[in-house]
2 protein chains.
Amino acid sequence: VGETHVLCEGPDLQEYGQDRAVGDWPVRPTAIVLPNSVEQIQQVVLCCAEHGAAIVPSGGRTGLVGGACAIQGEVVLSLSRMNRILRVDPSLRLLHCEAGVPLEKIQQEASRVGLLYPIDFASKGSAQIGGSIATNAGGVKVVRYGLTRNWVQGLRVVTASGALLDLGGELLKDNAGFDLRQLFIGSEGTLGVIVEATLRLCAPPRALGVALCASEDLRAVLALFSRLRAADCMLSAFEIFDESSAGYGSGASSPRDFPFANPAPWQVLLEIEGESEQIAREALAPLLTAASEAGEVREAVVAPTAAQASALWALREGISDALHGRSPFKADVSLPLGSLDAFVSRWREAVAEALPGVETVCFGHLGDGNLHLNHLCPQGVPPHRFFANCRRFEPTIFGLVREFGGSIAAEHGVGLLKRAFLGYTRSPAEIAVMRSIKNALDPKGLFNPGKLFPD
Amino acid sequence: VGETHVLCEGPDLQEYGQDRAVGDWPVRPTAIVLPNSVEQIQQVVLCCAEHGAAIVPSGGRTGLVGGACAIQGEVVLSLSRMNRILRVDPSLRLLHCEAGVPLEKIQQEASRVGLLYPIDFASKGSAQIGGSIATNAGGVKVVRYGLTRNWVQGLRVVTASGALLDLGGELLKDNAGFDLRQLFIGSEGTLGVIVEATLRLCAPPRALGVALCASEDLRAVLALFSRLRAADCMLSAFEIFDESSAGYGSGASSPRDFPFANPAPWQVLLEIEGESEQIAREALAPLLTAASEAGEVREAVVAPTAAQASALWALREGISDALHGRSPFKADVSLPLGSLDAFVSRWREAVAEALPGVETVCFGHLGDGNLHLNHLCPQGVPPHRFFANCRRFEPTIFGLVREFGGSIAAEHGVGLLKRAFLGYTRSPAEIAVMRSIKNALDPKGLFNPGKLFPD
């Protein structure tokens, strides 16, 4: 790859050796390698295999579970130089690119030809498409467009033997043998290195209507969700955030335009598609009136302009950033929709009991049953001690998730952070099958050892 | 399973021992077993494993490639008594059922709650949902709704060790480890037995507009397809059939209402969604006028009523049945859209040269790049000799598919019929990975031995 593209010392190791997860592991890569072609990647893999050096496939390192961390002398194989858009075909609605292209650039390229790549999340400027595929990333539009898996038409993958698999692509239908693409999507770099992808694009929505509602409890929120579903609205987002989230999202120091006098126990940010903004807004009004009469919402506002719609979105999207300074301990979980209400109550009770003084902040993608649980470090407590306490609390959180039939990892994956808990929501038989597949594809444990699987 | 549900002799063996494929293999099951619970299926699998008896998982036996044929003394494990709808949740838009429920019954149950299960194909009355998942079935609405894979929310699968995997289900988002569902979808019964499924449902289209167009060649048809895509119509079908298909589809003996004086080289049956039938029809008219002016279509008719729309559909859907008496030799292939035209020309030339006197009939799902190639037995030639000739011609067909970057199996799978050709469009590295997965999940080769993989 050329000497300048192998980094073996200094701050580069720290930078490329970790992602955004907060963990108690060391950052200890042996080297960072930055190939710029498929052939170079194959050679790097073969070279590592020959020398028994494990590989951490690495994208934009925006992950939150440590899947891209090198903690035991691995070689970090960074895809950052594989950042070319190779071909955009507006007629077939396909975009072919290298794995290191940032998500935001994909969105921009799609937009340039009047199309949409609908996977969208906050770290899109840094997150790379390869990593988003390896983690089957979700985001704010999953209720409408599904997870990343839905948008992957083709993949090129380098396996542990150095072979290049060319899976799917221009071919829209292929039932000749196992669909190996599916195996690599969401496998968190444990089965191979995604080096190129062919993505599906779609027509963008004609227009959107956005509303913010205030509800007393999650049962009311779910009733509203069912109402919108039954009315056959084209729902493109159904996000929730609780009372304390509202304080952060609207800006603790410089309050943004929060439309209600006070936050309710739950806020719902909902968005529907329509032929025009006016049509979408007009469709929302009677639905929200009926929801209000049924007690599902106590206040609601429909954004009268696109600028106001953005302002409402900012209330939801600003939460994560606003929490940053509070050293939040996060958990990304999913639950059956019918269990969300009971789960959140039990979680808050458990926090109050086990972590007194710790403020909870809950927001997420209700339409997907996906909650982001945040625990904030109390003033005056050193973050490292707070995190240690939270880590001792994790079995309680994931125990509740198990009890309610949820998943310990909704959209952020397992990585290092949650591997000990995989067995909470996957059965021994499932984990055995997963292990047998890992062994079949990567018998020497070359890719991302110690990730995803429990010890 | 009870003595009456084990069939060991007579015509039952013939009936349950084969599907609708036309092949030159013997039908030779040892026994047919019809369990009626998950536990019974687990016991049957364990019993077979203990006695070294291979298993052919078997649904409605409507497959066309021999995937459900028992040819070497296997036990046929029929899911026919596993035919219960377990739960329909209109609010979550999920339907949970056993694997032996016929597709048509699923469609009806969805329809009863105002929803749609959008996978649709001709054999839906007999085809079972488990088999449709095991083969990742396609059909006439793939251009709008995708393949069966898109509609499987959860699966329960019995593995070779007798374990029951409970994969997905009510949980809408789960990124905790490999998505094992995906592995079983489309694996043609080689990795496990699908015993239950949770299916996604969707809102049915409000209204449809249907048109039939006549075009001179496939380049013109593709230009029409691009035009409709660019106009952002919600296209729900884009089917094609050639001149000889038109003769069969409109009924050779009792001509149905074919709207043009004579069939063109290619007919396009297209359907779009709209808020109302009138809106859909009004959207079609200017597009077809523009297409006509551009030379993409030479004649076009928009169905003025729903009854006329059905009559147009019958022209396309009647083809397969009409061909039945002509002992057609079929091939189901897919190609990149840009190669369809050249491929069809080369295929017809090759038939004319290698199989003189054999009539070709080509129809398919153009939007998916999926062609159904039919070769008709000439009058006076015994079908068995005709089939033997066609089988010698297959390497030519699949060689062309390979040359144009297509797939030897678009939607019917590989089974017995095409296994020798898998390597034509899947690389040695891919087949090696597939074999390693098969060995990992089914090390003794219990499930469907001799299917899908080449020798």
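This passage looks at how chain A and chain B meet, and then at one residue inside chain A. The model is predicted, so local features need pLDDT of at least 70 and side-chain atom pairs count only at pLDDT 80 or more, while totals for chains, interfaces and linings use all residues. Residues are numbered from 1 along each chain as its sequence is written, chains are lettered from A, and side-chain values use heavy atoms, leaving out hydrogens and water.

Each partner brings plenty to the contact (heavy atoms within 4.5 Å): 66 residues come from chain A and 66 residues from chain B. The buried area, meaning the accessible area (1.4 Å probe) that two parts lose on being put together, summed over both, is about 5,300 Å², with carbon and sulfur atoms giving 59%. On the chain A side, Lys173(A), Asn175(A) and Phe178(A) lose the most area to chain B, together 19% of what that side buries.

Six salt bridges link the two chains, each a side-chain nitrogen of Lys or Arg within 4 Å of a carboxyl oxygen of Asp or Glu. One of them pairs Glu411(A) with Lys173(B), with the closest N and O atoms 2.9 Å apart.

Within chain A, Glu239(A) sits in strand E11 (residues 234–242), strands being DSSP runs of E with at least two residues. Is Glu239(A) buried or exposed? Its relative accessible area is just 1%, so Glu239(A) is buried, the cut-off being under 20% (1.4 Å probe, protein chains only). Among the residues that Glu239(A) touches are Val140(A), Trp313(A) and His365(A).

Notes: Helix = DSSP H or I, 4+ residues; strand = E, 2+ residues; numbered from the N terminus. Buried < 20%, exposed > 50% of the residue type's maximum accessible area, 1.4 Å probe, protein only. Lists of a residue's contacts leave out its neighbours within four places in sequence.
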